[in-house]
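Trainee: I am new to this structure and would like a close look at a single part of it, the salt bridges. Could you take me through them slowly, with the terms explained as they come up?

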Amino acid sequence: MQAWRVHRNGEPSEVMELEETDRPTPGDGQVLLRVRAANINFPDALLCRGQYQTRPPLPFTPGVEICGETEDGRRVLATPALPHGGFAEYVVADEAALLPAPDTLDDAEAAAMHIGYQTGWFGLHRRAHLQAGETLLVHAAAGGVGSAAVQLGKAAGATVIGVVGGPEKARVARELGCDVVIDRRAEDIVALVKEATGGRGADVVYDPVGGDAYAKSVKCIAFEGRVVVVGFASGTIPAPGLNHALVKNYTIAGLHWGLYNAKDPAAVRACHDELTKLAAQGVVRPLISERVGMADAANAVQRVADGTSTGRIVVLPAGGAR
């Protein structure tokens with residue numbers, strides 16, 4: 001089969017190599033899946049760089065979420081078992097963790113409906129307890145993780161303020177449903193959040209960026225606000241001033257969705273059922289900006305790494321527009 005493999009750590013476009021290799025062999029409790037679509041996530045770039053919290057042995061295949069097909073023809077969502085990631089024609093995955101692909105979504109959309117939306121759901125509802133009528137501030141609102149949070153925030157009845165970088169991403173954020181869009185390159189985030197909220201600030205901040213995004217967020221956080229730390233796409237991990245959190249009375253909540261997958265799989269399945277209902281109602285739908293063939297996977301991962309993409313880029317190993 002064909003698979004993209006990483007033999008040394010570095011930038012995705014430099015270290016990902018398309019090779020012919022053997023199909024992976026399922027272990028105990030695992031199944032072999034044919035990959036119908038593999039969604040690109042920022043962690044795939046971190047895996048290539050050797051900067052992710054999980055460091056599979058070299059060589060490995062990146063790709064942390066797929067829509068796959070079982071031997072009996074069922075479409076399922078899966079997180080492939082590294083080092084055999086999703087940018088390949090076949091993967092192995094834990095059978096107990098397979099989730100049915102929503103019927104209302106095509107393969108590419110289904111592949112993008114797993115980690116990002118689960119992260120958004122747990123972040124907004126389990127960690128931040130977002131309520132209808134509250135204001136949600138989403139950083140990187142036109143990206144893959146941010147776009148999911150925007151849709152889920154609107155579904156929960158929140159007013160959503162989206163922060164983006166550049167006019168094209170601002171257009172995408174408006175189309176996603178953001179009530180207010182802030183271009184961080186040209187506008188003052190803190191001033192505009194305070195203006196949009198009548199001086200109160202944001203009740204919930206969803207931050208997959210870190211760095212300056214976090215620093216500005218806590219300057220416009222509301223009384224009893226909650227900051228959900230999802231990731232550090234900026235490359236800078238903030239060092240929170242706990243005295244500031246005390247004085248302003250806000251909460252900093254970390255979110256690592258993979259821990260729910262390991263420690264509370266029943267909650268993951270319940271979340272998937274809710275997401276499937278929202279998809280059937282048309283309330284949420286992954287924003288797929290590109291569907292690329294296997295040959296273009298490395299360049300696509302690099303674009304995600306560089307932050308130049310919007311929404312999701314999905315790899316289709318067999319080509320086509322599924």
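Mentor: What follows is a walk through the salt bridges, with a short look at the core beside them.

This is a predicted model, in which local features need pLDDT of at least 70 and side-chain atom pairs count only at pLDDT 80 or more, while totals for chains, interfaces and linings use all residues. Residues are numbered from 1 along each chain as its sequence is written, and side-chain values use heavy atoms, with hydrogens and water left out.

A salt bridge here is a side-chain nitrogen of Lys or Arg within 4 Å of a carboxyl oxygen of Asp or Glu, and by this rule the count comes to 17. One of them joins glutamate 69 to arginine 34, with the closest N and O atoms 2.6 Å apart. Because glutamate 69 sits in strand S4 (residues 65–69) and arginine 34 in strand S3 (residues 30–39), the pair ties together parts that are 35 residues apart in sequence; strands are DSSP runs of E with at least two residues, helices are runs of H or I with at least four, and both are numbered from the N terminus. Glutamate 69 is buried, at a relative accessible area of 18%, whereas arginine 34 is partly exposed, at 30%, where buried means under 20%, exposed over 50% and partly exposed in between, for a 1.4 Å probe and protein chains only. Both residues also belong to a network of salt bridges that links Arg34, Arg36, Glu69, Arg75 and Asp107.

Glutamate 69 has a further neighbour in leucine 33, which touches Ile66, Glu69, Thr70 and Val76, among others, when residues up to four places away in sequence are not counted; contact means heavy atoms within 4.5 Å. Leu33 and Leu136 have the most contacts inside the largest nonpolar core, which has 83 residues, such a core being a set of buried Ala, Val, Leu, Ile, Met, Phe, Trp, Tyr and Cys residues joined through side-chain atoms within 4.5 Å.

Elsewhere, lysine 154 forms a salt bridge with aspartate 179, the closest N and O atoms being 2.9 Å apart. Lysine 154 lies in helix H5 (residues 144–155) and aspartate 179 in the loop between helix H6 (167–176) and strand S10 (180–183), so this pair ties together parts 25 residues apart in sequence. Lysine 154 is partly exposed, at 32%, and aspartate 179 is partly exposed as well, at 42%.

Finally, the side chains of aspartate 203 and arginine 200 meet in a salt bridge at 2.6 Å, N to O. Aspartate 203 is buried, with a relative accessible area of 4%, while arginine 200 is partly exposed, at 46%.
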